[in-house]
Amino acid sequence: MPPQYPVNLTVEGRPCLVVGGGAVARRKVEGLLAAGAEVTVIAPEVDPDLVALPVAVERRPYRAGDASRFRLVIAATDDLARSSFTLPSVARRGPIVVAVSTGGQSPALAAWLRRRIEADLGGEYEVLLRLLSEARDTIKAAGRSTEGVDWPSVLDSNMLELIRAGDIGKARERLEACLSSS
C-alpha cells in the first residue's frame, strides 16, 4: 500500500455504512458508534453481537449505489487492495485520541502498540489537557497568538509529575510561570 495521509474525521450524527456482518464489522461499528455516527450495516449474514448494537441492519448483499446515501463507507473485508484508507488502532482517554497504524501491513502490531500506549495514558493526561486548553483560551481572550508560546518547554516543565502527585494547583502555577516567561 502507498504512503497514507492520517486524518481524524468528524462523523457525529452523520450516516455511515459498514458492509459486512462479522467480527471485523462489529469492531468497525463500535468505533463509529463511539464517535457518534449513525450506522447502517449491510450484509447477508450478521453476527448476533452486531445486531445487539444500536445500528440499522439490512440483511442483504451490497448493491451498486448503496454508498451514495452515506458520508463514510467501510468495507469490513480482507480486500485491502481495493481500499482507499485503513483504520488505525485507537487509544482514547477523554478527548485525547492516539492512533497507531501500520498502513494495513500488520493490524496485530498496531493493536499491540496501542495497548502499550493505552496502558501509559492515565487520567493525568486529561487534567494536563484541561490546564493547557484553559491557558490557550486565556491567551486568545487577551488577543494574543498561541503560536509564539514555547509549548514544548511548558510540557517539559514537570507539570505532569505534579498532576500525578495530586498537586494541580502547583502544576497550574508552573504553567503560568512558563507562559509568563514566553
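**Note on the predicted model**

1. In the hairpin formed by strand 5 and strand 6, two residues stand between the strands, and Gly-94 takes a positive phi near 60°. This is a predicted model, and the remarks that follow should be read with that in mind. The two strands of the hairpin, strand 5 (residues 89-93) and strand 6 (residues 96-100), run antiparallel and are joined by five bridges. Within this pairing, Val-90 has Ala-99 of strand 6 as its bridge partner.

2. A second pairing arrangement is the open sheet of four strands, in which the order is 3-2-1-4 and the pairing is parallel. Strand 3 (56-58) and strand 4 (72-75) are the edge strands, each of them pairing on one side only. On average, and with direction ignored, neighbouring strands of this sheet are turned by 20° against each other. As general background, the strands of a sheet pair through backbone hydrogen bonds, in either the parallel or the antiparallel sense.

3. Inside that sheet, strand 1 (residues 15-19) pairs with strand 2 (residues 38-42) in the parallel sense, over five bridges. Leu-17 is placed opposite Thr-40 of strand 2, which gives a convenient point at which to inspect the register in the viewer. Helix 1 (residues 23-34) lies across strand 1, strand 2 and strand 4, and the helix runs at about 170° to strand 1.

4. Which residues does Asp-66 touch, once those up to four places away in sequence are not counted? They are Leu-17, Ile-42, Arg-60 and Pro-61, and Leu-17 is also the residue that stands opposite Thr-40 in strand 2. Asp-66 itself is found in the loop between strand 3 and strand 4. Its relative accessible area is 7%, and therefore Asp-66 is classed as buried, the cut-off being under 20%. The side chains of Asp-66 and Arg-60 are joined by a polar contact of 2.9 Å.

5. Turning to the helical part of the chain, Thr-146 is located in the loop between helix 4 and helix 5. With a relative accessibility of 8%, Thr-146 counts as buried. Setting aside residues up to four places away in sequence, Thr-146 touches Arg-136, Ile-139, Lys-140 and Trp-151. Thr-146 and Leu-175 are 29 residues apart along the chain, and their C-alpha atoms are separated by 14 Å.

6. The loop between helix 5 (151-155) and helix 6 (159-164) holds Asn-158, and Ser-157 lies in the loop between helix 5 and helix 6 as well. Is Ser-157 buried or exposed? Ser-157 is buried, because its relative accessible area of 10% is under the 20% cut-off. A polar atom of the Ser-157 side chain lies 2.6 Å from the backbone oxygen of Val-154. Leaving aside neighbours within four places in sequence, Ser-157 is in contact with Arg-174 and Cys-178. Asn-158, by comparison, is partly exposed, with a relative accessible area of 42%. The phi of Asn-158 is near 70°, which is a positive value in a residue other than glycine, and a reviewer may wish to look at the backbone of Asn-158 directly.

7. The second largest pocket encloses about 160 Å³ of space. Its lining consists of Leu-131, Glu-134, Ala-135, Thr-138, Ile-139, Arg-144, Arg-172, Leu-175, Glu-176 and Leu-179. Two elements, helix 4 (124-141) and helix 7, give two or more residues each to this lining. Helix 4 contributes the largest share, namely five residues. Two of the lining residues have already been mentioned in connection with Thr-146: Ile-139 is among the residues that Thr-146 touches, and Leu-175 is the residue whose C-alpha atom is separated by 14 Å from that of Thr-146.

8. The last point concerns Ser-180, which lies in helix 7 (residues 168-180). Ser-180 has a relative accessible area of 62%, so Ser-180 is exposed by the cut-off of over 50%. The side chain of Ser-180 reaches the backbone oxygen of Ala-177 at 2.9 Å. Ser-180 and Val-149 are 31 residues apart in sequence, and the distance between them in space is 9.7 Å, C-alpha to C-alpha.

Note on methods:
Residues numbered from 1 in each chain as written. Predicted model: local features only at pLDDT ≥ 70, side-chain atom pairs only at ≥ 80, totals over all residues. Heavy atoms only, no water. Pairing = 2+ DSSP bridges. Axes fitted to C-alpha atoms, helices over the stretch in contact; angles between N-to-C directions. Contact = heavy atoms within 4.5 Å. Buried < 20%, exposed > 50% of the residue type's maximum accessible area, 1.4 Å probe, protein only. Polar contact = N/O pair within 3.5 Å; in protein donor to acceptor, adjacent residues only side chain to side chain. 1 Å grid on protein atoms, 1.4 Å probe; cavity = no way out; pocket = protein on both sides within 12 Å on 5 of 7 lines; lining within 4 Å. Points joined across faces, edges and corners; volume = space filled by probe spheres on them.
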